[in-house]
Amino acid sequence: MGINGEYLRVTSAELDRAIQDPDWALDFAEEIRDAEKESEPAPAEARHFSTYKTWGMLHFLLERADFPVDIIYGGEPFAEDEDWGYGPPRYLRPEQIRLAAQTLRPTPYDQLIDGVDPADLTKAKVYPFVRDDPGALEWGRPWYDGLVQFFETAAAADDAMLVWFV
């Protein structure tokens with residue numbers, strides 16, 4: 001068990017409905033997440049994506065690279081009185097998704113980890129607290145690659161995104 005970063009691609013109409021009716025949004029997110037657990041679509045085909053426990057490392061690496069959009073903690077909060085696991089959900093609008101995708105595309109994972117020592121993660125208390133293991137930086141690679149594909153698909157569809165932690 002642990003804290004996982006979760007994403008759901010939504011249309012602009014679904015985003016508007018989610019903001020107005022957070023209970024509907026949570027039910028909708030859980031329905032899609034459950035359905036996709038069974039079918040296991042590739043990130044480029046999925047509506048739901050999880051960075052699992054790598055969100056802390058990815059946030060550290062993206063922040064270090066001066067990424068223009070906070071794709072880990074999300075943009076605007078909504079349902080501030082709700083708790084979807086670890087706090088209220090947030091959302092990113094389609095223009096933020098497009099900017100993120102345009103920046104992710106030319107930013108390979110090797111570039112993000114260049115010059116980073118696993119001890120930097122420990123020093124920054126990145127969740128989950130990883131050891132100074134030489135392979136620690138490789139742990140985030142598959143989730144970063146999936147996140148890039150997920151954001152590219154969302155940008156191409158002009159989708160927004162719900163972001164939360166469970």
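This is a short chat about the sheet, helices and cores of a predicted model.

User: Before we start, what kind of model is this?
Analyst: It is a predicted model, in which local features need pLDDT of at least 70 and side-chain atom pairs count only at pLDDT 80 or more, while totals for chains, interfaces and linings use all residues. Residues are numbered from 1 along each chain as its sequence is written, and side-chain values use heavy atoms, with hydrogens and water left out.

User: What order do the strands of the sheet have?
Analyst: The open sheet has five strands in the order 2-1-5-4-3, with antiparallel pairing; strands are DSSP runs of E with at least two residues, helices are runs of H or I with at least four, both numbered from the N terminus, and two strands pair if DSSP finds at least two bridges between them.

User: Which strands stand at the edges?
Analyst: Strand 2 (48-52) and strand 3 (76-77) do, and each has a single partner strand, so one side of each is left without a neighbour in the sheet. Strand 3 pairs with strand 4 (residues 90-92) over two bridges, and E76 stands opposite Y91 in strand 4.

User: New topic: which residues touch the most other members of the largest nonpolar core?
Analyst: Y7, I71, I72 and F151 do, in a core of 36 residues, where a nonpolar core is a set of buried Ala, Val, Leu, Ile, Met, Phe, Trp, Tyr and Cys residues joined through side-chain atoms within 4.5 Å, and buried means under 20% relative accessible area with a 1.4 Å probe, protein chains only.

User: And which helix gives the most to this core?
Analyst: Helix 7 does, with seven residues.

Technical notes:
Buried means under 20% relative accessible area, exposed over 50%, partly exposed in between (1.4 Å probe, protein chains only).
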